[in-house]
Amino acid sequence: MDLTQDFNQGKQKKQFKKKEYLNEGGYIVTVKKFQTSDIKEDYKGSPYYEYIIETNDGKMQYIKFWKIKPTDTQRSADFKTKLVKEFLQNCGVTAFDNLDAALNAAVGRQVGICLAFKEYWYEDRETNEPKISRRTEYKYSTVADKIPIYKDSYSRP
């Protein structure tokens, strides 16, 4: 038995397609998946609903809607509810009797999405130096036959 043989011989590395993410702008997308913050092990942040969306050319993005917390003001709770309901209605969801069913009914549907960016400060864990990062966030939605209009004022540098 020859233990010096190359075990990688004849094996090829698995190739993964690099994902391209959407930046700020207006897009017509398909809702690919719905999930919640409950899937993250040891997650201690604010609870959220999350949709994975994708354009016809394969670019994707994650959009989050924050769940209502007991500590939210009525105004905040109303805003969160309005944002999610508007998104679902623009996806073509019409039944809201069961929240879980309504949230899942958006999967597979097309919708217009406007995304904006937000820059924020954070502290590098290794160097403790302040850094600036940028994330793409959901702004609003439209029905699928109307591309949302992005304005520079939506983003927060």
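Aspartate 38 counts as exposed, because its relative accessibility is 60% and the cut-off for exposed is over 50%. The model in which this residue sits is a predicted one. Aspartate 38 is found in the loop between β1 and β2. Tyrosine 49 is eleven residues away from aspartate 38 in sequence, and the two C-alpha atoms are 9.1 Å apart in space.

The loop between β1 and β2 also holds aspartate 42. With a relative accessible area of 63%, aspartate 42 is exposed. Its backbone deserves a look as well. Most residues other than glycine have a negative phi. Aspartate 42, however, has a positive phi, near 60°.

Strand β1, which covers residues 25-36, includes threonine 30. Is threonine 30 buried or exposed? Threonine 30 counts as buried, because its relative accessibility is 14% and buried means under 20%. Leaving aside neighbours within four places in sequence, threonine 30 is in contact with Ile52, Ile53 and Glu54, and also with Gly108, Arg109 and Gln110.

On the other side of the loop comes β2, residues 48-54. β2 and β3 run antiparallel and are joined by seven bridges. One pairing can be followed by eye: isoleucine 53 has glutamine 61, in β3, as its bridge partner. The hairpin of β2 and β3 has five residues between the strands, and in this hairpin glycine 58 takes a positive phi near 90°.

The helix α1 covers residues 74-90. How far apart are the end C-alpha atoms of α1? They are 24 Å apart, and this agrees with the expected span of 24 Å, because the helix has 17 residues at 1.5 Å a residue. The expected span takes 1.5 Å times one less than the number of residues.

Some residues of α1 are buried, namely Ala77, Lys80, Val84, Phe87, Leu88 and Asn90. An α-helix has 3.6 residues a turn, so residues three or four places apart point the same way. What covers the buried residues of α1 includes the strands β1, β2, β3, β4 and β5, together with the helix α2. Just after α1, glycine 92 takes a positive phi of about 100°.

Two pockets can be traced next. The largest pocket holds about 630 Å³ of space. It is lined by 22 residues, and those closest to its centre are Lys64, Trp66, Leu83, Glu137 and Tyr138. Which elements each supply at least two residues of this lining? They are β3 (60-66), α1 (74-90), β4 (110-123) and β5 (130-142). Of these, β3 gives the most to the lining, with six residues. By class, the lining of the largest pocket has eleven nonpolar residues, eight charged residues and three polar residues.

The second largest pocket holds about 210 Å³ of space. Its lining consists of 14 residues, and Tyr49, Ile68, Thr81, Val84 and Leu99 lie nearest its centre. Val84 has already appeared among the buried residues of α1, and Tyr49 as the residue whose C-alpha atom is 9.1 Å from that of aspartate 38. Both α1 and α2 (99-105) supply at least two residues of the lining of the second largest pocket. α1 gives the most, with five residues. Sorted by class, the lining of the second largest pocket has eight nonpolar, four charged and two polar residues.

The last stop is the pair of strands β4 and β5 and the loop between them. Asparagine 128 lies in this loop. Asparagine 128 counts as exposed, at 51% relative accessibility, and the cut-off is over 50%. Its phi is positive, near 60°, in a residue other than glycine.

Proline 130 belongs to strand β5. Where the strand holds proline 130, the residue is exposed, with a relative accessible area of 55%. Not counting residues up to four places away in sequence, proline 130 touches Trp121, Tyr122 and Glu123. Proline 130 and phenylalanine 79 are 51 residues apart in sequence, and their C-alpha atoms are 32 Å apart in space.

Note on methods
Residues are numbered from 1 along each chain as its sequence is written. This is a predicted model: local features need pLDDT of at least 70, side-chain atom pairs count only at pLDDT 80 or more; totals for chains, interfaces and linings use all residues. Side-chain values use heavy atoms; hydrogens and water are left out. On a 1 Å grid over the protein atoms alone, a cavity is a set of points where a 1.4 Å probe fits but cannot get out, and a pocket is an open set with protein on both sides within 12 Å along at least five of seven lines; lining residues have an atom within 4 Å of a point. Grid points are joined across faces, edges and corners, and a volume is the space filled by probe spheres set on the points. Helices (H or I, at least four residues) and strands (E, at least two) are DSSP runs, numbered from the N terminus. Ala, Val, Leu, Ile, Met, Phe, Trp, Tyr, Cys and Pro count as nonpolar, Asp, Glu, Lys and Arg as charged, and the others, Gly among them, as polar. Buried means under 20% relative accessible area, exposed over 50%, partly exposed in between (1.4 Å probe, protein chains only). Contact means heavy atoms within 4.5 Å. Two strands pair if DSSP finds at least two bridges between them.
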